[in-house]
Amino acid sequence: MEQYRFIVNGREVMTEEDKPLLRYLRDDLKCKSVKDGCSEGACGTCTIIIDGKAMRSCILTTKKAVGKNIVTVEGLSTKEKEAYVYAFGRCGSVQCGFCIPGMVMSAKALIDENPNPTEEDIKKAIRGNICRCTGYKKIIEGIDLAAKVLRGEEKILSGLECGEDFGIGQSAFRVDVREKVLGTGEYPDDVEMENMAYGGAVRTEYPRAKILKIHTEAAESLPGVLCVLKAEDVPNNKVGHIQQDWDVMIAEGDITRCIGDALCLICAETPSILEAAKKLVKVEYEVLEPVRSIAEARAENAPKIHQNGNLCQQRHVSRGDAKTAIANAKYVVTDSFSTPFTEHAFMEPECAVAFPYKDGVKVYTTDQGAYDTRKEISIMMGWDPSRIVVENKLVGGGFGGKEDVSVQHIAVLMALKANRPVKVKFSRQESINFHPKRHAMEGTFTLACDENGIFQGLDCEINFDTGAYASLCGPVLERACTHSVGPYTYQNTNILGYGYYTNNPPAGAFRGFGVCQSEYALEMLIDRLAEMVGISPWEIRFRNAIEPGKVLPNGQIADCSTALKETLLAVKDVYEAHPGRAGIACALKNAGVGVGLPDKGRARAEVLDGKLRVYTAASDIGQGCRTVFTQILQSETGLPIEKLSISRGSTEDSPDSGTTSGSRQTLITGEAVRGLAAEVKKDLDAAGGKLEELNGKEYFYEFFDPTDKLGADLPNPKSHVAYAFATNVAILDDEGRVTDVYAAHDSGKVMNPVSIQGQIEGGVLMGMGYALTEDFPLKDCVPTAKLGTLGLLRANQIPNIHAIYVEKDTLLPFARGAKGIGEIASIPIAPAIANAYYAFDHEFRTKLPLEGTFYRKKK
């Protein structure tokens with residue numbers, strides 16, 4: 001048998017198996033820094049160095065590697081490792097971390113060849129590496145600093161020398177920088193367990209078809225197949241984040257609803273046996289015509305996708321008398337808008353490992369809410385939730401796309417049936433086909449103002465395509481409606497919202513949570529009204545902007561920290577300096593779930609071996625909440641960082657802190673941590689500052705700030721605990737290229753400046769892709785895009801992003817006034833860019849992604 005020999009990290013290795021080099025490095029050599037983001041050569045997470053050149057290991061094989069010299073992050077010198085850890089930590093280059101080892105290897109290949117690279121050199125070197133978190137700017141800065149360290153121009157500072165005191169307001173290194181840069185941190189796909197098996201699903205070939213028969217006999221008889229499960233093997237064949245309308249598997253005799261539907265599950269000894277077994281399953285279909293769009297779903301004789309019909313959710317949000325206000329207004333503008341589905345494209349595909357545990361099951365997962373996952377699994381199993389333990393490993397990005405269960409529940413079914421650990425992970429295409437997207441919208445909006453440009457009323461109808469399943473249709477639709485009014489001061493609104501089932505992939509939570517769609521429409525209309533009144537787009541927004549003590553269109557009185565006008569003032573000069581080239585837009589976004597729901601933050605702590613260990617089930621999906629909690633602890637207790645520990649989150653030892661959604665963790669769970677820390681501080685002072693004196697002591701704190709239900713019959717209902725505000729300005733060059741974005745944010749007290757900058761930059765670039773390049777094309781409800789064709793922006797396409805944060809002196813009385821930045825960062829940029837093009841060529845574009853631009857020609 002032929003032998004394939006090559007060098008990996010200075011050691012000769014040999015294999016007789018011709019397989020993807022990525023798989024050999026990860027599975028055989030245990031080089032876990034080499035991440036599997038797509039196995040399609042599109043994302044760059046598996047980048048290694050071969051004979052001095054950065055290459056993607058997923059597109060190479062062991063046969064093609066013969067005689068080559070290969071280096072992974074594990075093979076870097078100690079000097080190089082420390083340089084990248086320090087530089088990426090100091091510059092805030094790391095968020096979810098899944099792309100980072102690949103970025104490091106692209107950077108090493110560049111610096112080895114060119115020790116003094118320019119910014120353009122760095123952008124070119126990492127253009128094959130996608131990052132969905134950072135907007136690339138902080139990574140570019142990190143690579144530049146690493147190069148300086150390796151050249152000897154900068155020293156690696158430590159502790160307080162580089163601002164690493166972890167106090168509130170300090171640019172603290174993230175607590176997980178080292179493990180993410182060096183690839184030693186564990187994501188679920190990195191987990192290996194004794195006797196582990198591998199599971200997956202056979203999925204439908206058609207989005208809408210009756211399943212006549214599923215033939216699994218050949219798969220079941222294949223050696224190495226441990227079990228095959230069908231719908232009848234599931235105790236309760238339904239899951240769902242809020243509405244339990246999502247079939248775990250489609251049963252024989254039932255009708256599929258989307259291309260992601262599972263027909264059967266297969267568990268096998270090895271991934272290769274699993275794939276072979278999948279191909280042996282034969283399915284008999286009666287293919288049916290799919291429901292492709294909102295219009296088709298609304299049609300009188302449309303097939304019912306669910307038993308109760310195609311209307312999934314509806315909302316009616318009103319205040320005052322919009323009809324009369326608009327009829328009596330001086331200026332009125334009406335238009336219809338269309339926005340597409342959008343793929344999250346988080347760099348880590350969904351993966352979970354489940355195994356029998358005590359009297360139930362344990363799941364290692366990567367999701368946005370461990371307790372939500374436990375709840376969905378318990379519903380499926382018909383168990384008391386206490387029998388299920390869900391533990392988060394590192395989470396390689398989410399942006400809302402990991403709120404629903406995907407692999408966790410099917411891993412549980414197979415682990416219990418096979419009575420051994422089972423790993424289930426999605427291929428990149430499976431992920432694209434399965435998980436919920438940003439809702440596509442069709443909406444008509446009418447906005448009116450008086451002769452001075454003061455808004456009088458808004459009337460709109462918002463229609464969402466929620467695809468095959470509800471996911472979070474209700475709450476997302478609700479936010480789209482409640483936020484369609486914008487961050488302004490008028491009291492006459494009438495908003496109708498509808499979410500329709502179709503046979504498209506499901507839609508659910510996505511960064512911005514429905515507000516990206518509705519505020520795009522509103523902010524476009526505002527520029528039209530400004531034209532009619534004869535004032536500038538900046539001026540009309542400033543005249544209407546919410547400020548402390550005034551009333552939002554939902555009736556909530558703006559609190560003392562409200563700083564929308566300050567964000568407008570922060571960008572005024574740059575906006576006015578670029579006439580005919582600049583666009584502007586404002587936004588607001590709630591922090592916390594609000595609308596009367598019991599949104600609680602919880603934390604517990606224990607002192608063990610002279611260390612304060614804090615437990616909270618808050619998922620850190622890259623936003624950095626574990627670092628923020630550490631900063632709060634350090635500021636409140638005065639304990640050094642080495643005496644503090646924050647758990648990663650498990651339902652076994654951590655209290656329910658709610659889902660990572662709604663920009664809520666820093667505010668809600670952060671306040672719980674602050675309250676907890678205050679109690680520790682009291683005891684610490686009594687013990688003369690000696691933490692070891694408190695050994696064995698336990699603490700618990702719950703934070704809850706009640707809000708009022710949607711539509712509460714109150715003159716000034718409190719819809720949300722807090723709102724963040726923002727103003728974005730986008731500037732074009734003579735060719736219509738976006739060269740600069742000024743993103744001014746009021747997100748309350750800034751806990752970590754370098755972190756908030758990275759969140760703003762990442763949100764801006766994600767919103768820019770939404771505006772200009774990203775699309776999710778479907779052919780008869782089947783996605784036609786792969787990861788590499790989604791239009792994700794690369795490092796060499798980014799504009800100059802100027803992150804500006806505004807803090808007011810008077811702050812909210814919780815979590816030091818922090819409001820959260822994760823969602824609002826992506827909301828105002830699309831309308832700002834659209835308005836820049838309106839100023840540029842006076843073409844009013846009502847559809848995303850924008851056509852007739854530098855980035856996308858007209859069809």
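Guide: A residue is called buried when its relative accessible area is under 20%, exposed when that value is over 50%, and partly exposed in between. Please keep in mind as we go that the model is a predicted one.

Visitor: With that definition in hand, does L787 count as buried or exposed, and where in the chain is L787 found?

Guide: L787 has a relative accessibility of 1%, and because buried means under 20%, L787 counts as buried. L787 is found in a loop, the one that joins β30 (782-783) to β31 (800-805).

Visitor: Which residues does L787 touch, once residues up to four places away in sequence are not counted?

Guide: The residues in contact with L787 are then C38, E40, A42, C43, A345, R428, I432 and L792. A separation in space can be read in a similar way: L787 and G662 are 125 residues apart along the chain, and 26 Å separates their C-alpha atoms.

Visitor: Is N752 buried or exposed, and in which loop is its place?

Guide: N752 counts as buried, at 5% relative accessibility, and its place is in the loop between β28 (738-746) and α20 (753-772). If its neighbours within four places in sequence are left aside, N752 is in contact with Q170, S171, A172, T627 and Q631.

Visitor: How should I read a sheet, and what is the order of strands in the open sheet of five strands?

Guide: The general idea is that strands of a sheet pair through backbone hydrogen bonds, either parallel or antiparallel. In this structure, the open sheet of five strands has the order β13-β21-β20-β19-β14, and its pairing is mixed. Its edge strands, each of which pairs on one side only, are β13 (311-319) and β14 (331-339), and from one strand to the next the twist averages 5°.

Visitor: In which sense do β19 and β20 pair, and over how many bridges?

Guide: Strand β19 (residues 440-449) and strand β20 (residues 455-467) are antiparallel, and their pairing extends over 10 bridges. To place one of these partners in the model, look at A440, whose bridge partner in β20 is D465. Helix α14 (residues 473-483) packs on the sheet, where it touches β13, β20 and β21 (493-501), and the direction of α14 makes about 30° with that of β13.

Visitor: How many residues of strand β11 are buried, and which strands are joined to β11 by bridges?

Guide: Seven of the seven residues of strand β11 (residues 262-268) are buried, so this strand is largely enclosed by the rest of the structure. Strand β6 (residues 197-203) runs antiparallel to β11 and is joined to β11 by six bridges, with R203 standing opposite A262. Strand β8 (residues 225-229) also runs antiparallel to β11, joined by four bridges, and here the bridge partner of V228 is I266.

Visitor: At what angle do helices α15 and α21 pack, and which residues make the contact?

Guide: Helix α15 (residues 515-533) and helix α21 (residues 829-841) pack at an angle of about 35°, and their axes are 9 Å apart; the crossing is right-handed. From α15, the contact is made by E519, Y520, E523, M524, D527, R528 and E531, and from α21 by P831, A834, N835 and Y838.

Visitor: At roughly what angle do α2 and α3 cross?

Guide: Helix α2 (residues 78-90) and helix α3 (residues 100-113) cross at roughly 115°, with axes that come within 12 Å, and this crossing is right-handed. E80, Y84 and F88 in α2 meet I100, V104, A107, K108, I111 and D112 in α3.

Visitor: How many aromatic pairs are there, and why is the pair of F854 and Y855 edge-to-face?

Guide: Ring planes over 60 degrees apart count as edge-to-face, and the count of aromatic pairs comes to 22. Y838 and F844 form one edge-to-face pair, at 5.4 Å centre to centre with 75° between the planes. Y838 is buried, with a relative accessible area of 8%, and F844 is buried as well, with 18%. The rings of F854 and Y855 have centres 5.1 Å apart and planes at 80°, so this pair is edge-to-face too, while F854 is partly exposed, with a relative accessible area of 30%. Y838 and F844 also belong to one aromatic cluster with F337, F445 and Y520.

Visitor: Over which rings does the charged end of R438 sit?

Guide: The charged end of R438 sits over the ring of F510, 3.9 Å from its centre, and over the ring of Y770, 4.3 Å from its centre.

Key
Residues are numbered from 1 along each chain as its sequence is written. This is a predicted model: local features need pLDDT of at least 70, side-chain atom pairs count only at pLDDT 80 or more; totals for chains, interfaces and linings use all residues. Side-chain values use heavy atoms; hydrogens and water are left out. Rings of Phe, Tyr and Trp (its six-membered ring) pair if their centres lie within 6.5 Å; planes under 30 degrees apart count as stacked, over 60 as edge-to-face and the rest as tilted. Buried means under 20% relative accessible area, exposed over 50%, partly exposed in between (1.4 Å probe, protein chains only). A charge sits over a ring if NZ of Lys or CZ of Arg is within 6 Å of the ring centre and within 35 degrees of the ring normal. Helices (H or I, at least four residues) and strands (E, at least two) are DSSP runs, numbered from the N terminus. Contact means heavy atoms within 4.5 Å. Two strands pair if DSSP finds at least two bridges between them. Axes are lines fitted to C-alpha atoms, for helices over the stretch in contact, and angles run from 0 to 180 degrees between N-to-C directions. A crossing is left-handed if the near helix is turned anticlockwise from the far one by less than a right angle, and right-handed if clockwise.
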